[in-house]
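Let's take a walk through this protein together, one piece at a time. Have the picture open and follow along as you read.

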Amino acid sequence: MTPETEITFFRNHLTVGCDASPGDTLIVRIGGRTLSSPPVSDGNRAIVSIDYTRLYEADALPHEIEIVSSAAAVKLPQQDELTLVDIRTKAEFSDRVQGPASRQLHDEAARFCCRRAIRRHSDNYPLQAAAACVLGYRILEAFDPDDTDIAEVRNVGLAIIRQTPADEDGIRWRCSVGTMLGYLGILLQEPELSQEALSATLEHRDASRLRTPNYARGEILLAALSLMQDRKGEALELLRDAEDAFRGGVAGSRIEIPSQGYYACTEIHASLSAVRIAFDLRRAIAATPNGGSLEAVTLNFNFSGLSPILAELADKGHLRAWLKAAAAKKLSRVRPPSEVNGFRKRSGSLLAKVWSAAENDTQSVDADWLVELDALTKWSVALASAGSFSWSGLLDLAEARFWLGLKLDQERSPEASQVLAGAAPWGKRVFSTAPFAERADFARMEAIMSLVMSSYLVEHSLLNPLPKYTDRAEFTRLATHHGTSAFKADESKAKLVAAMVKACGYAVRNKRIS
């Protein structure tokens, strides 16, 4: 009969044990190392203790276990507990340790996996960030300020948030790690740690599609720190921005895309709960009489609805202690990034990609550009309706739409019509709210209108001609004239306008927009 093997994880080591007869030896081969128990002398249990240091160093953790007696060596079955912790990829980590639908029940086994991923996979940003988050929340769930894993998660977490990720996945992980460290600062009563970590999320203010609930949670907790510093204006600015960011996030979400809509809905729903708390805190501040104590307002406010872990931190007194610690310190000021600056940055980024594809004719249109164009269009209208304008950003957006439409036509895509036809209604919405006086920028405004007119004529005279626009030669001339007028100072762009407009309309369309 094969003896049953038992695997037990501890903080710094694991043990492999099984029933054995006197004189038997248990041998474990794992991670390229061989370890054995002393011969069983009394009792009937053989145990091998394996220090984690050896396992952290191994590239992989294949294992073999056998019990050796004077008569024979018996190989024991593979142990699931050891197979599960042999993690080498982010997907394996999500499946085995903790992901949307799974959670490793044994806390010490999960912690071991996290530490191993952190130490062995510094070149894998998503895996390392996921491991830092899981380890950090295991610490938070234990509510022990002296937890021996705190230094590990603190160091790697700070290293992660001090990097600037280049893609959406990296931004999400950076924000997740920042939120976890913000909560860790509450447990440790270190407002400086929380402020640095939560402020990292604000750097992605312009990534409207990626505004998860963590963005609003971060601004609310930063506002609470500002109130404890008696900086009412700063706190109100952060709280108002949480509401503005929510609107921009909804406008830029992918809620209408079938394969991504439900996840976007869940983020909007969770963000709405956080924004409600920002709204309630603003009302509490407004109800405070002149000379009233902002510290008292903050200490008495209910932040528990922000997240389950924060509710626990509040119930156990950690949140109140953290707020009082903040009142006794001099913290740096925090302001949300300007939404207009974020819009300008993203519009410029989209234009750079589209122009490069049009100029070099080496890259096909990326589907994400169309999604981004739609998001920026909605964002620009929301900004204009609120009286916020960046004429350079609006011109970049108009130009990106123009080149994107021409490039799509060059690729014989029916989406060219949709892109170009959208220029006129967008221009109408923007110019109907345009401010003048000191904020007027007539040169850029005229360039935008030139691009709108050229886009309109390309669509309605060359791609899908209306009865009154059938004189192809005349309207090609007009579309070229208006298009090149937007680029008076850029001869290369003006020449490309003429060439691309002249070539428009030869595709067979299966979609008509008028």
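**Strands first, then helices**

Start by finding leucine 14, which stands opposite isoleucine 50 in strand β5. Before going on, keep in mind that what you're looking at is a predicted model.

That leucine–isoleucine pair sits where two strands line up: β2, made of residues 13-19, is joined to β5 by seven bridges, and the two run antiparallel. Now widen the view a bit. What order do the strands of this open sheet follow? There are three of them, arranged β1-β2-β5, and the pairing is antiparallel. Look at the two ends of that order: β1 (5-9) and β5 (45-51) are the edge strands, and each has a single partner, so one side of each has no neighbour in the sheet. From one strand to the next, the twist averages 15 degrees.

There's another open sheet to look at, this one with four strands. Its order is β4-β3-β6-β7, again with antiparallel pairing. Which strands stand at the edges here? They're β4 (33-36) and β7 (73-76); each pairs with a single strand, so one side of each is left without a neighbour in the sheet. The twist in this sheet averages 20 degrees from strand to strand.

Let's go through some of its pairings. At one end, β3 (residues 25-30) pairs with β4 in the antiparallel sense over four bridges. If you want a spot to zoom in on, try isoleucine 27, which stands opposite serine 36 in β4. At the other end, β6 (residues 63-68) and β7 are joined by four bridges and run antiparallel. Here isoleucine 67 has valine 74 in β7 as its bridge partner. How does the chain get from β6 to β7? Through a hairpin of four residues.

Time for some helices. Find α5 (residues 125-142) and α7 (residues 168-188): their axes come within 9 Å and cross at roughly 25 degrees. An angle under 35 degrees counts as roughly parallel, and that's why α5 is described as roughly parallel to α7. The crossing of α5 past α7 is left-handed. Among the residues that make the contact are Ala129, Cys133 and Gly136 of α5, along with Trp173, Val177 and Met180 of α7. Sorted by class, this contact has 15 nonpolar, four polar and two charged residues.

Now jump along the chain to α21 (residues 472-485) and α22 (residues 491-502). These axes also come within 9 Å, but the crossing angle is roughly 155 degrees. Are the two helices parallel or antiparallel? Angles over 145 degrees count as roughly antiparallel, so that's the label for α21 and α22. This time the crossing is right-handed. On the α21 side, the residues in contact include Thr476, Ala479 and Gly483, and they meet a set in α22 that includes Ala494, Val497 and Val501. By class, there are five nonpolar, four polar and two charged residues in this contact.

Finally, zoom all the way out. In total, the chain has 22 helices and nine strands. Its radius of gyration is 30 Å, well over the 24 Å that the globule rule gives for 514 residues, so the chain is more spread out than a compact globule. Measuring along the principal axes, the C-alpha trace spans about 100 × 65 × 35 Å.

How values were computed: Residues numbered from 1 in each chain as written. Predicted model: local features only at pLDDT ≥ 70, side-chain atom pairs only at ≥ 80, totals over all residues. Heavy atoms only, no water. Axes fitted to C-alpha atoms, helices over the stretch in contact; angles between N-to-C directions. Parallel < 35°, antiparallel > 145°, perpendicular 65-115°, else oblique. Left-handed = near helix turned anticlockwise from the far one by under 90°. Contact = heavy atoms within 4.5 Å. Nonpolar A, V, L, I, M, F, W, Y, C, P; charged D, E, K, R; others polar. Pairing = 2+ DSSP bridges. Rg over C-alpha atoms; globule rule 2.2 N^0.38 Å.
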